[in-house]
Amino acid sequence: MAQRKLWQRFQDDGNESRLYSTGHPRVTTLNDDRYLAVIAKRNRRSTASDLSRQISSATGTTVSRQTVYRRVGHIGLYARRSVRCVPLTATHCRMRLTWSREHALWTPQQWSRVMFSDESRFSLQSDSRLTLIWRLPGTRYHQENTTEQYRYGGAGWLGWEELFLVPELTCMFRV
């Protein structure tokens, strides 16, 4: 087989040497790569398997998940977890801004009389957070890359901690 290809190439262009190539030949064309980039940017929450199926149905080219990761990575999109945040209303934002402006010029003496309190809920249900999104580096906290989380569902533990900013440090944990 190889000799027949060499003989054919010699008859076509007079060259008898083998062509240099490394690795497996590319499966996708530049147009396929552009199409993949467009559908990854449009639907950031789609998986690599979903993108593989979409490009296969649109162009007829069968592409593996790993190829999708490589091609989308070439344009700078990487699969990362989305940031979870509690949605803030305009009133919340306005109140936080007002509070921060009122306390911006406080002295360390004034801050020493402040008690900070924090409450955390730990869910007993599994939340693997395996839902990934395609995003550019440095865009972690952009609005399109965040997932709003309103409340915890199901059973859980509630932990409460208070921190006194006085010489002795007191921490409490109630369950």
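**From a tryptophan cluster to the packing of helix 4**

Trp111 has a relative accessibility of 24% and therefore counts as partly exposed, since that category begins where the buried range, under 20%, ends and runs up to 50%. The model in which this residue is seen is a predicted one, and the values given here should be read with that in mind. Trp106 is likewise partly exposed, with a relative accessible area of 30%.

The rings in the model form three aromatic pairs. In one of these pairs, Trp106 and Trp111 lie 4.9 Å apart from centre to centre, with an angle of 55° between their planes, and the arrangement is classed as tilted. The label follows because stacked pairs need planes under 30 degrees apart and edge-to-face pairs need over 60. Ring pairs also bring in Trp99, which is joined with Trp106 and Trp111 in a cluster.

From this cluster we can step back to the chain as a whole. The protein chain contains six helices and six strands, and along the sequence these elements follow the order α-α-α-α-β-β-α-α-β-β-β-β. Of its 175 residues, 21% count as buried, while the accessible surface amounts to about 13800 Å², with 55% of that area belonging to carbon and sulfur atoms. Where contacts between residues at least 6 apart in sequence are considered, 68% of them join residues at least 24 apart.

Helix 4, which spans residues 65-74, offers a closer view of the interior, for its buried residues are Thr67, Val68, Arg71, Val72 and Gly73. The cover over these buried residues includes helix 2 (30-42) and helix 3 (48-59), together with strand 1 (78-81) and strand 4 (132-135). Just after helix 4, Gly76 adopts a positive phi of about 100°.

How do helix 2 and helix 4 pack, and at what angle? Two packed helices are described by the angle between their axes and by the distance between those axes. For helix 2 and helix 4 the angle is about 85° and the axes are 9 Å apart, which means that helix 2 is roughly perpendicular to helix 4. On the helix 2 side Asp33, Leu36 and Ala40 take part, and these meet Val68, Arg71 and Val72 of helix 4.

Is Arg71 buried or exposed? Arg71, which is found in helix 4, has a relative accessibility of 10% and so counts as buried. Leaving aside residues up to four places away in sequence, Arg71 touches Arg26, Val27 and Thr28, as well as Asp33 and Leu36.

Strand 1, one of the elements covering the buried residues of helix 4, holds Ala79. With a relative accessible area of 18%, Ala79 is buried, because the limit lies at 20%. Beyond four places in sequence, Ala79 touches Tyr69, Leu132, Ile133 and Trp134. Ala79 is also 33 residues from Ser46 in sequence, and the C-alpha atoms of the two are 9.8 Å apart in space.

Finally, a word on confidence. The mean pLDDT of the protein chain is 77, and 71% of its residues reach 70 or more. Over residues 164-175, however, pLDDT stays under 50, although the model has 24 contacts beyond four places in sequence for this stretch. Where pLDDT is low, the predicted coordinates should not be read in detail.

Key:
Residues are numbered from 1 along each chain as its sequence is written. This is a predicted model: local features need pLDDT of at least 70, side-chain atom pairs count only at pLDDT 80 or more; totals for chains, interfaces and linings use all residues. Side-chain values use heavy atoms; hydrogens and water are left out. Rings of Phe, Tyr and Trp (its six-membered ring) pair if their centres lie within 6.5 Å; planes under 30 degrees apart count as stacked, over 60 as edge-to-face and the rest as tilted. Buried means under 20% relative accessible area, exposed over 50%, partly exposed in between (1.4 Å probe, protein chains only). Helices (H or I, at least four residues) and strands (E, at least two) are DSSP runs, numbered from the N terminus. Contact means heavy atoms within 4.5 Å. Accessible areas come from the Shrake-Rupley method with a 1.4 Å probe; for residues, only the protein chains shown count as cover. pLDDT is the predictor's confidence in each residue, from 0 to 100. Axes are lines fitted to C-alpha atoms, for helices over the stretch in contact, and angles run from 0 to 180 degrees between N-to-C directions. Angles under 35 degrees count as roughly parallel, over 145 as roughly antiparallel, 65 to 115 as roughly perpendicular and the rest as oblique.
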